[in-house]
Amino acid sequence: MQPFTYASAPSRVVFGSGTLGQIADEVKALGCARALVLSTPQQADAARDLADRLGGLSAGLFTEAAMHTPVEITERAMQVVRQVGADCTVALGGGSTTGLGKAIALRTDLPQIVIPTTYAGSEATAILGETRAGLKTTQRSPKILPEVILYDVDLTLTLPVGLSATSGMNAIAHAVEGLYTQDANPIVSLMAEEGIRALGSALPRIARDPGDREARSDALYGAWLCGVVLGSVGMALHHKLCHTLGGTFDLPHAETHTVVLPHAAAYNAAAAPEAMARVARALGVKDAPQGLYDLANSLGTPVALKDIGMPQDGLDKAADLAVANPYWNPRPIERAAVRALLDDAFFGRRPGGA
Ligand code: NAD
């Protein structure tokens, strides 16, 4: 056994079906009485229902959350926080809404309850990515970590099949990198392998029947585990590439993770054989990068950067940016090899050919 350091993040997790019914009790348990409910415009109806459930504990609604947490939107939300005298936030939605709650908490230290409706995993991390004038910067702070996560499987039944697939692959990406990262440790690796197993088995069932509650429950459980992995250990080449591609070329977050993951895994495979063996075991396949590619392909998601808005003449710039700031990765970051990885991802080739 290698020496390791393990720190667990303090947070309360409520998981099940119909758990939304406990929201008022969770607000009260925090000692709060004026919750500001957050959502995207697309989920405003669900947010209004939630505010109705909260009754007198709801101080108001803010339904303008957007991808990549633009600072202008956070500033508008901050005005509402002050106007209504909110003493906590309840964020209902995916990573975008969770991000807004985190941005408010960073500025106010208000306690947060997050009700995740995708598999992105942001609810389990003390990480916030914010966008100012088109530039995304990421920071960590204990203030950012949500106090309570309330998982209600029922809310994920409406997540469209395509987004379920890409959001689930986004979660798997946290776990894959968590297995080979510099500060990997045995406990987090258990969570990572189990998270990949749960999602790898659930996503094909969801693709066949989006209303399959058992599959939805397994996927949400896997997403939580993968989120904890992301919040507990560092990431590597895959996350760096996706950050670069998302930030510079405005590619969609979950789709980018889905396309890049098999190729980042292939890049690192020879340098991280134990991690790859665990990924392969979790997916029930022989080869981890091919297994990840085949899983994404079987779900009907895009598997090529060219199909999600990446310009071919941007590949050189993406490779330059990815190698610009040296960072830890199991295999050294070599420009020519990264450029070849991006080429494979651009055309959606199956790793290892065939
Ligand atoms: P999202 O939150 O942007 O959601 C995508 C769309 O789906 C939105 O319109 C949303 O309202 C809708 N939606 C969500 N759940 C739904 C449901 N159950 N039914 C119907 N519609 C639903 O997407 P995401 O992939 O969850 O989040 C992406 C964002 O999260 C990015 O900005 C990313 O950077 C961030 N993120 C941050 C972390 C972190 O630790 N800081 C981790 C992962 C992702």
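The axis of a helix is here a line fitted to C-alpha atoms over the stretch in contact, and the angle between two helices runs from 0 to 180 degrees between their N-to-C directions. Two packed helices are described by the angle between their axes and the distance between the axes. The structure discussed below is a predicted model.

With these terms, the pairing of H6 with helix H7 can be considered. Helix H7 spans residues 213-232, and H6 packs against it at an angle of about 145 degrees, the two axes lying 7 Å apart. The crossing in which H6 passes H7 is left-handed. In the contact of H6 with H7 there are 16 nonpolar residues, three polar ones and five charged ones.

A second pairing joins helix H8, residues 237-249, and helix H12, residues 315-324, whose axes come within 10 Å and cross at roughly 130 degrees. Because of that angle, H8 is oblique to H12; angles over 145 degrees would count as roughly antiparallel, and those from 65 to 115 degrees as roughly perpendicular. The crossing of these two helices, H8 and H12, is right-handed. On the H8 side, the residues involved are Lys240, Leu241, Thr244, Leu245, Thr248 and Phe249, which meet Lys317, Ala318, Leu321 and Ala322 of H12. Sorted by class, this contact of H8 with H12 comprises six nonpolar, two polar and two charged residues.

The third pairing involves helix H3, residues 71-84, and helix H4, residues 95-108. Their axes come within 10 Å and cross at roughly 65 degrees. H3 passes H4 in a crossing that is right-handed. From H3, the residues Val71, Thr74, Ala77, Met78 and Val81 meet Leu100, Ala103, Ile104, Arg107 and Thr108 in H4. The contact of H3 with H4 contains seven nonpolar residues, two polar residues and one charged residue.The description now turns from helix contacts to open space. Rolling a probe the size of a water molecule over the atoms shows where empty space is left. The second largest pocket of the model has a volume of about 560 Å³. It is lined by 20 residues, and those closest to its centre are Gln2, Leu179, Ala184, Ser189 and Glu274. Three helices each give two or more residues to this lining, namely H5 (161-180), H6 (186-208) and H10 (273-283). The largest share, four residues, comes from H10. By class, the lining of the second largest pocket has 13 nonpolar, five polar and two charged residues. Helix H6 thus appears in two parts of this account, as a contributor to the pocket lining and as the packing partner of H7.

Technical notes
Residues numbered from 1 in each chain as written. Predicted model: local features only at pLDDT ≥ 70, side-chain atom pairs only at ≥ 80, totals over all residues. Heavy atoms only, no water. 1 Å grid on protein atoms, 1.4 Å probe; cavity = no way out; pocket = protein on both sides within 12 Å on 5 of 7 lines; lining within 4 Å. Points joined across faces, edges and corners; volume = space filled by probe spheres on them. Nonpolar A, V, L, I, M, F, W, Y, C, P; charged D, E, K, R; others polar. Parallel < 35°, antiparallel > 145°, perpendicular 65-115°, else oblique. Left-handed = near helix turned anticlockwise from the far one by under 90°. Contact = heavy atoms within 4.5 Å.
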